[in-house]
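Biologist: I have a protein open on screen and would like to go through it. Can you pull it up too?

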Amino acid sequence: MASIQVQTVTKAYGSKRLFEDVTVTFGEGRRFGLTGPNGAGKSTFMKILSGDLEPDNGSVARPEKTSVLRQDQFAYEDRRVLDVVLMGNRRLWAAISEKEELYALPEITDEQGERLGELESIVAEEDGYTAEADAAALLSGLGIPEEQHERLMREVAGGYKLRVLLAQALFGKPEALLLDEPTNNLDLDSIRWLERFLCSYEGVLITISHDRHFLNEICTHIADIDYNTIIVYPGGYDDMVVAKSQIRGRVEQENAERQKKITQLQEFVAKFGAGTRASQVQSRKKQIEKLQLTDLKKSNIERPYIHVPVKKPSGKQTLTIEGLDKTWEHADEGRDVVVARNFDALVTKGEKIAIVGANGVGKTTLCKMLVSELAPDAGTIAWGHNVSIGYLAQDHRDGIPLGTTVADWLHSVDPTAGTQDVRGLLGRMLFKGEEGSKPTDALSGGEAVRLIFAKLMLTQDNVLVLDEPTNHLDLESIVALGEALRKYEGTAFVVSHDRDLISGFATRLFAFTKDGLVDFKGTYDEFLDRFEAPRASQRPRRAAGAR
């Protein structure tokens, strides 16, 4: 059995019911995106699928070789990176470990010799003789340099550790793959490699991702969590959005037509109920009973309304960069990273610039120089006339003080703002009712991002510097952000790995390439055509699970 079968699964936390009597089959050869807004229960459902969490009712049947992307990056600190990947094939790893124990004995009995033969057969069946080469190919495809493969996990950077765990999940020909946010900590090259790998995978894949482009590229189906259940739609994420809207619209129209007919019949019954047309009245009553409206549960999908107005426009020449040099020390890898060498750029009012590149190349450093948190080693960064900068740091909580409430903080940002203005901004950012009194200490990652956008909507700056603004946002919020950036009348600098977002707003790129920091005047698709042809060394092998 290579499918995952869910039967009448129900799960609730207190009074909040996430799923009710969910029955669905995830079939072999299909790749499912698991979608729904933050708080809908995606990660909870994934844990139920993996067996890490028991449902309140119902059952899940899964293949024996089901592989799960684990998030505990510190679980293997004293293990070699390659060994952590090999552990993804539990049967192979157990055989290798037992072999090593037997070979370490001073003498081997006949019985132990027979056991060694059995273990050799298992290793052969599980492609153990090419396992290290296969594991190394996975690691390289995910952007982990070859010199890191032999190191211990505690010796590699945190972002690399999460990639090793992803390689572990992909390794060993699993019949089913459960991947929760697999593109986190991946740069654009690695994401594209992963897409090609997963598109050739022939088992059953279920993944959660806030990367719409990723879901559209790899998914054959979308399993959407809404209305306390899971509805499966064919196609990618965009296909699901269209189909879901059409289905709900059709049901709403049918309900409206039925309600109109019911009203007409009720008027007839009320008019002639006491008269001589008793048989016709009874007939109308039976028709009313048959015309039941389809129950339309309230959707839990909500989209924030992001609109950043510009209070005062900047001068035409918004930013001038001349001879910029910057190097910083990469503490995790013990090397110096060259962010820029003699970099020049002139940015005019209204330009939308995406800052792109692999992890660890200096995108955040560049943002910090733009907002004067870091100084360049040489060269100048000069802002033009009347520039006002709104900044969202990569660690979104850095800009939000503790010990206050979300409403009080917004009031402190602009004391002239009225209470209704602040409440309106918070409502647009999905802080409803009493949530305006929520302590800033208790904000989730997504709430922190939305609160900073409420602040930017209040300050109305004419330049935005946004470092990874999509982190912690759900898909609906990312779509809203993309629309806001397209409509924004000021100048924007945005670091992101979300390709749909970049393609939708960027008219220019500051791109970190193998030739250094490049000022590319054009769209992201044009940039890819010129700079980012797939490298032969990163073409995935036949996917684990392909049979």
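Modeller: We can start with the whole protein and then turn to one threonine.

Modeller: This is a predicted model, where local features need pLDDT of at least 70, side-chain atom pairs count only at pLDDT 80 or more, and totals for chains, interfaces and linings use all residues. Residues are numbered from 1 along each chain as its sequence is written, and side-chain values use heavy atoms, with hydrogens and water left out.

Biologist: How many helices and strands are in the protein?

Modeller: The protein has 17 helices and 18 strands, taken as DSSP runs (helices H or I, at least four residues; strands E, at least two) and numbered from the N terminus.

Biologist: And what does the C-alpha trace span?

Modeller: About 105 × 80 × 45 Å along the principal axes.

Biologist: Now threonine 318. Where is its place?

Modeller: Threonine 318 is in strand E10, which runs over residues 317–330.

Biologist: Why does threonine 318 count as buried?

Modeller: Because its relative accessibility is 1%; buried means under 20% relative accessible area, with a 1.4 Å probe and protein chains only. Of the 547 residues of the protein, 49% count as buried.

Biologist: Which side chain does threonine 318 join in a polar contact?

Modeller: That of serine 314, at 3.4 Å. A polar contact is a pair of N or O atoms within 3.5 Å; within protein, one must be able to donate a hydrogen and the other to accept it, and residues adjacent in sequence count only if both atoms are side-chain atoms.

Biologist: What lies 3.1 Å from a polar atom of that threonine 318 side chain?

Modeller: The backbone nitrogen of lysine 349.

How values were computed:
Buried means under 20% relative accessible area, exposed over 50%, partly exposed in between (1.4 Å probe, protein chains only).
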